[in-house]
Structure formats: C-alpha cells, structure tokens
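Welcome, and grab your favourite viewer. Please load the chain below and keep it open while you work through the exercises.

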Amino acid sequence: GILALYPQPNEIAPVVERAAAQYLPKALEKGIALTLGPHSGSAVFDPKWTEEAVCNLLDNALKYTSTGGAVTVEVKNYELFSAIRVSDTGPGIPETEQAKIFGRFYRAPGAYQTEGVGIGLYLTRQIAEKQGGYVKVESMPGKGSTFSLYIPREA
C-alpha cells in the first residue's frame, strides 16, 4: 500500500521527455545513443509514478547496453492502451528468465556485475497494475530487449 496513484487523463509526451532528459547524461557518458521516437498520445495515468516507471525501464536499458549501443523510447497508441516502449541493443533476456525478472529483488544470472537490487521492474509492474495497465517484455539473447508499459487510454 506504499504506492498511492492518482490516474487522470494526461498527455504522455511530457512524461517521456522528462524521463529521457534525466537519462541523457548517463547515455552520453556510456557512449549509447538515446533516441526519442514518436511519443504523442494521451492516456489515463499518474504522471509522477508513470515517469518513475519509465525511468526504471531507461535505467535498466542503459545499464545492460554496451558502449556503442542504442536505446529508444517511443509511444505506440492502440485502441484500449498506449504503450511506452523502451528498446535496447543489450544482451537480451533468455525466455526462461523473462517471467522471473518482474519479481521483487530478482536478479538474473549474469546481472550480479551490474549495480542494482532488483526492485525496478517489480516497482514498474506495480505502477502499471495500479493504473489498470501492465508491463510486457520482448527479448531474444543477442538481440536486445523491448519493455512496454501499457497504460489505459480511458478510465
């Protein structure tokens, strides 16, 4: 009950732009191209917590992407949901790990060398669910990952 969310109809672009701006210095420092794709649309969400969720996804993408890689943030609008998508050119996640990564304090084998405690994706999923949305991952080892935060277009 720590998360108190107040979803309201909002434009998505400012949230995505603020999150990307926060992580641009880290991307530049690591030599990773951080690109903002199409990101307009509106949905029903809590801007503060949704920005936190997008920041968690960006943080992970930059953490696991090597120098010379790329991270892209974009919004895709569907009939019932808008999806904020964060794609990276990192190592990818084996299918056997994909369901586990949203668990609290879960760290994938091989992630031990990377900073963090394994709470970001858990928190992101909680934020999505408390707004009537969900989080999905598409990933293949060696091909990178795309995390999509789905938020409802209507209450």
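Three exercises with worked solutions follow.

This is a predicted model, where local features need pLDDT of at least 70, side-chain atom pairs count only at pLDDT 80 or more, and totals for chains, interfaces and linings use all residues. Residues are numbered from 1 along each chain as its sequence is written, and side-chain values use heavy atoms, with hydrogens and water left out.

**Exercise 1. Lay out the elements and the sheet.**

Step 1. Start with the inventory: the chain has four helices and seven strands (DSSP runs, H or I of at least four residues for helices, E of at least two for strands, numbered from the N terminus). Read from the N terminus, their order is β-α-β-β-α-β-β-α-α-β-β.

Step 2. Now pair the strands (a pair needs at least two DSSP bridges). Five of them form an open sheet in the order β2-β4-β5-β7-β6, with mixed pairing. β2 (33–36) and β6 each have a single partner strand, so one side of each has no neighbour in the sheet.

Step 3. Zoom in on one edge: β2 and β4 run parallel and are joined by four bridges. Thr35 has Thr72 in β4 as its bridge partner.

**Exercise 2. Find the residues at the centre of the nonpolar core.**

Step 1. Fix the term: a nonpolar core is a set of buried Ala, Val, Leu, Ile, Met, Phe, Trp, Tyr and Cys residues joined through side-chain atoms within 4.5 Å. Buried means under 20% relative accessible area, exposed over 50%, and partly exposed in between, with a 1.4 Å probe and protein chains only.

Step 2. The largest such core has 36 residues, and Ile12, Leu58, Val71, Ile84, Phe147 and Leu149 touch the most other members. Of the contributing elements, α2 gives the most, with eight residues.

Step 3. Follow Leu58 (contact means heavy atoms within 4.5 Å). Not counting residues up to four places away in sequence, Leu58 touches Ala19, Ala20, Tyr23, Leu34, Val71, Val73 and Val86.

**Exercise 3. Is Val137 buried or exposed, and which residues does Val137 contact?**

Step 1. Locate Val137 in strand β6.

Step 2. Val137 has 14% relative accessibility, so Val137 counts as buried.

Step 3. List the contacts, leaving aside neighbours within four places in sequence: Ile93, Gln98, Ile101, Phe102, Thr146 and Phe147.

Step 4. Check a distance: Val137 and Ser148 lie 11 residues apart in sequence, with 6.3 Å between their C-alpha atoms.
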